[in-house]
Amino acid sequence: MCGIVGCVLKENRDAAPILFRCISNLEYRGYDSVGLATFDNKINVKKAKGKIRDVNASLNLENMAGKYGIAHTRWASAGRPTDENAHPHLDEKGRVAVVHNGTLENYSKLKEKLIGEGHTFKSTTDTEVIPHLIEKHMDEGLDLEHALRKTVEMLKGSYAIVAMCEDEAGKIVATRKDSPLSLGFGKEGYFVASDTPAILEYARDVIRPREGEIAVLSKNGIEIHDENDKTIERKPSKITWTADMAKKEGYDYFMLKEINDQPLAVKNTLGQKNNMKRIINEIGDVKRVCFVACGTSYHASITGKYLIESLAGISCDVIIASEFKYSAKTWDEDTLVVFISQSGETADSMTALRQAKQTSHTLAIVNVAGSAMWEEADHVIQTQAGPEIGVAATKTYLGQLTAIYLLAAAISGNDKITEELENVPSYIEEVISKADEIKELSKRYNFVHNAFYLGRGFSYPIALEGALKLKEISYVHGEGYAAGELKHGPLALVDEDMPVIVIIPPGADYDKTLTNLEEVRARGASILAVGSEGNDDLKSKSKEMISINPKVTDIIAPLVYTVPLQLLAYYVTVEKGYNPDQPRNLAKVITV
Ligand code: F6R
C-alpha cells in the first residue's frame with residue numbers, strides 16, 4: 001500500500017518541508033520510491049526511486065516553492081519501482097498532478113483508448129491514466145472536481161486519489177474507494193492523507209470521507225461533496241492516539257492490525273486473476289508443478305500441491321528451498337517451478353530459483369515488487385497484501401494462498417473455485433469478529449509448554465501454520481501433524497497436559513479426522529476443536545471449540561481456519577508479555 005499526503009497552508013509559507021515531514025512519518029511502512037508536487041505559478045515535480053532520505057539528499061525535496069502540494073511514497077504494484085513510475089504522475093500538458101493508492105483493474109483498456117486519442121505515457125503504472133483522464137474531462141469543459149468525479153466513474157478497482165491542477169490554483173481534490181483516506185484540520189492548514197499517522201503532528205481533528213464523496217481542500221478549509229454535489233456537514237473526530245498507536249491504527253501491535261487487514265489482502269489479490277491466466281497461457285502446457293519455499297510460504301505451497309493435484313489432476317511436488325538442490329536435476333522444460341515468498345529475497349529460495357531457471361519455467365509469487373525473485377523469475381505475480389511490518393507472516397500468507405488458488409484455477413481451467421473465493425473476505429471478517437472470544441480462550445492456554453495441531457488434507461497445512469505461529473511468537477512448542485500420522489509415534493506424548501488443537505471443517509475428511517480426535521480424547525488430551533458452527537456433536541467431544549461459518553468447507557478452509565489460529569498465537573503471546581511483532585532470533589527478510 002502506498003502512502004499519500006496533501007496539504008494547503010493558510011499562511012504564506014512553503015508546503016514542501018511539511019509535506020516532506022508528513023511523508024517521512026510513513027517511512028515505517030516500507031516503500032520503494034518517493035515524490036512531491038507543489039504549485040508555484042506552475043506545477044513542479046520531484047520524484048525518484050529510493051528511500052526518502054536518499055531521494056531528499058539528491059533532489060532536495062524539502063526545498064520546493066509553493067503553498068500547497070501533494071506527496072507520495074510508492075509500494076510498487078503495477079509497474080516496477082523506477083524513477084518514471086514514482087508518483088506524482090502528470091497529464092499530457094503537465095498541468096494536472098496526481099498521487100494514487102490502490103490498484104486499477106481496467107487501466108490497460110483505458111490507457112489503450114487514451115493512446116488512441118493522442119495521449120502519451122511516461123510510466124508503466126496504472127495511476128498515469130488518472131491525470132490523463134482528468135485532463136480529457138477538463139478539456140471537455142469540466143472543473144477539476146467534476147473531472148475527477150467523471151474519471152473515477154470510469155475506474156474499476158480500489159483507489160485513494162489526490163489531485164491538483166494549474167488551472168485551479170490553491171485547490172486540492174481527493175476521493176477514495178476501498179482504500180483509506182483521512183482529512184485533517186490543523187492550525188497551519190488543511191491536510192489529506194492515506195494514513196493518519198502521517199499528519200498527526202499537524203492535525204488531530206480528522207474526518208474520514210466516505211466512498212463516492214469528493215473533498216476539496218483550499219486555504220479556507222475543506223468541503224466535502226456527495227455524488228449530487230450536496231455539501232456534507234460532518235464533525236471531525238479528535239484523534240487522541242500517540243503517533244506510534246496511530247501507525248498501528250489503534251491496534252496494540254502490527255500483527256493484530258495485519259490480521260485485520262486480511263479480508264482486503266484476499267480481495268485485492270483476487271484482482272490478479274487475469275494476470276495469472278495470462279501467465280499460464282504464455283507458458284502453455286504445464287505437465288508438472290513444483291513449489292519451492294521456506295517457513296510459512298512452504299505451508300502455503302502444501303495447500304498448492306493439494307489444490308493442483310485435485311483440480312488439475314497433474315503431479316505436484318513441494319520442496320523446502322534449502323533442500324531443492326538435491327532434486328533439481330529431475331525437473332525439465334514441461335515443469336513449472338513456483339517460488340512462494342513474501343519478501344522475494346530469501347537466500348535459499350533465490351539459489352533454488354537460479355537453479356530451476358536452467359531447466360524449467362519459473363514463476364515467483366512475491367509481495368514485494370522489485371525484489372530479487374521478482375527481477376529474476378520468468379514470470380511474477382504480486383500478492384496484494386501491502387507492506388507487512390510484523391515479523392510473523394499473516395496477511396502475506398493469505399495473499400499467497402489466494403494467488404495459489406488462482407494458479408490452480410488457471411492451470412485446471414476451473415473457475416468455480418475462484419467464484420467461491422469471492423465470499424472468503426466476509427468469512428474472514430466473521431472470524432475476526434470473534435477475536436474477544438479467542439482472547440478469553442488464550443488465557444486458558446497461556447500456561448502450556450507444548451501443543452499439538454492436527455489436520456488432514458487441506459487442513460494439514462493449516463495445522464502446520466497454526467503451530468509455527470504459536471512457536472515463533474509465544475515460544476510455546478507447537479507441533480503440527482497430519483492427523484493420521486499421530487498414531488505412528490507422537491501419540492506417545494499425549495496425556496492430560498497436552499492440548500490438542502484439531503482443525504476439522506466439514507468435507508470429505510471430516511469422519512476420519514473425528515476418529516483421530518477420538519484417539520487423543522481417549523488419552524485424556526484437552527481438545528480445542530476448530531470446526532463448523534452448529535456442530536453440537538463436535539462441541540460435546542471437545543473441551544473448547546472455535547466455531548466457523550458452516551459454509552466454509554475443506555477446500556477453502558486454509559483461507560479461513562488459519563485466522564483463529566493466528567489470533568490464538570497472538571493473544572497467548574501478548575498474555576505472556578512478549579512482543580509479537582519482533583520475535584527473538586527472527587527477521588522479516590532472510591538473505592543469508
Ligand atoms: C513465519 C515467517 C517465515 C517466512 C520464511 C520465508 O511467520 O514469516 O517462516 O515465511 O522465512 O520467508 P519468505 O516468505 O520471505 O521467503
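**Notes on salt bridges and the ligand site**

1. Let's start with aspartate 317, which is partly exposed at 26% relative accessibility. Keep in mind as you read that this is a predicted model. The side chain of aspartate 317 meets that of arginine 288 in a salt bridge, 3.7 Å from N to O. Distant parts of the chain are linked by this pair: arginine 288 belongs to strand S16 (residues 288–293) and aspartate 317 to strand S17 (residues 315–320), with their positions 29 residues apart. Arginine 288 is partly exposed too, with a relative accessible area of 25%. In general, side chains of opposite charge can pair when their charged atoms come close.

2. Now for a pair within one helix. How far apart are the closest N and O atoms of lysine 443 and glutamate 440? They sit 2.9 Å apart, forming a salt bridge. Both residues are in helix H17 (residues 435–443), and because they are three residues apart there, about one helical turn separates them. Lysine 443 has a relative accessible area of 36%, so it counts as partly exposed. Glutamate 440 is partly exposed as well, at 41%.

3. Another pair to look up is lysine 113 with glutamate 117, whose side chains meet in a salt bridge at 3.4 Å, N to O. Lysine 113 is exposed, at 52% relative accessible area, whereas glutamate 117 is partly exposed, at 40%.

4. Those are just examples, as the count comes to 33 salt bridges. There is also a network of them, linking Glu518, Arg521, Asp537 and Lys541.

5. On to the ligand. Which residues come nearest to it? Of the 14 around the ligand, they are Ser297, Ser341, Ser343, Thr346 and Glu472. Sorted by class, the shell has seven polar residues, five nonpolar ones and two charged ones.

6. Where does the shell come from? Helix H11 (295–312) and helix H18 (459–474) each supply at least two of its residues. H11 gives the largest share, with three residues.

7. Some polar atoms to check by eye: serine 341 has a polar side-chain atom 2.6 Å from an oxygen atom of the ligand, and serine 343 likewise places a polar side-chain atom 2.6 Å from a ligand oxygen. For lysine 469, an N or O atom in the side chain is 3.0 Å from an oxygen atom of the ligand. As for cover, the ligand taken alone exposes 400 Å², and the protein buries 90% of that.

Definitions and conventions: Residues are numbered from 1 along each chain as its sequence is written. This is a predicted model: local features need pLDDT of at least 70, side-chain atom pairs count only at pLDDT 80 or more; totals for chains, interfaces and linings use all residues. Side-chain values use heavy atoms; hydrogens and water are left out. A residue is near a molecule or strand if one of its heavy atoms lies within 4 Å of it. A polar contact is a pair of N or O atoms within 3.5 Å; within protein, one must be able to donate a hydrogen and the other to accept it, and residues adjacent in sequence count only if both atoms are side-chain atoms. Accessible areas come from the Shrake-Rupley method with a 1.4 Å probe; for residues, only the protein chains shown count as cover. Helices (H or I, at least four residues) and strands (E, at least two) are DSSP runs, numbered from the N terminus. Ala, Val, Leu, Ile, Met, Phe, Trp, Tyr, Cys and Pro count as nonpolar, Asp, Glu, Lys and Arg as charged, and the others, Gly among them, as polar. A salt bridge is a side-chain nitrogen of Lys or Arg within 4 Å of a carboxyl oxygen of Asp or Glu. Buried means under 20% relative accessible area, exposed over 50%, partly exposed in between (1.4 Å probe, protein chains only).
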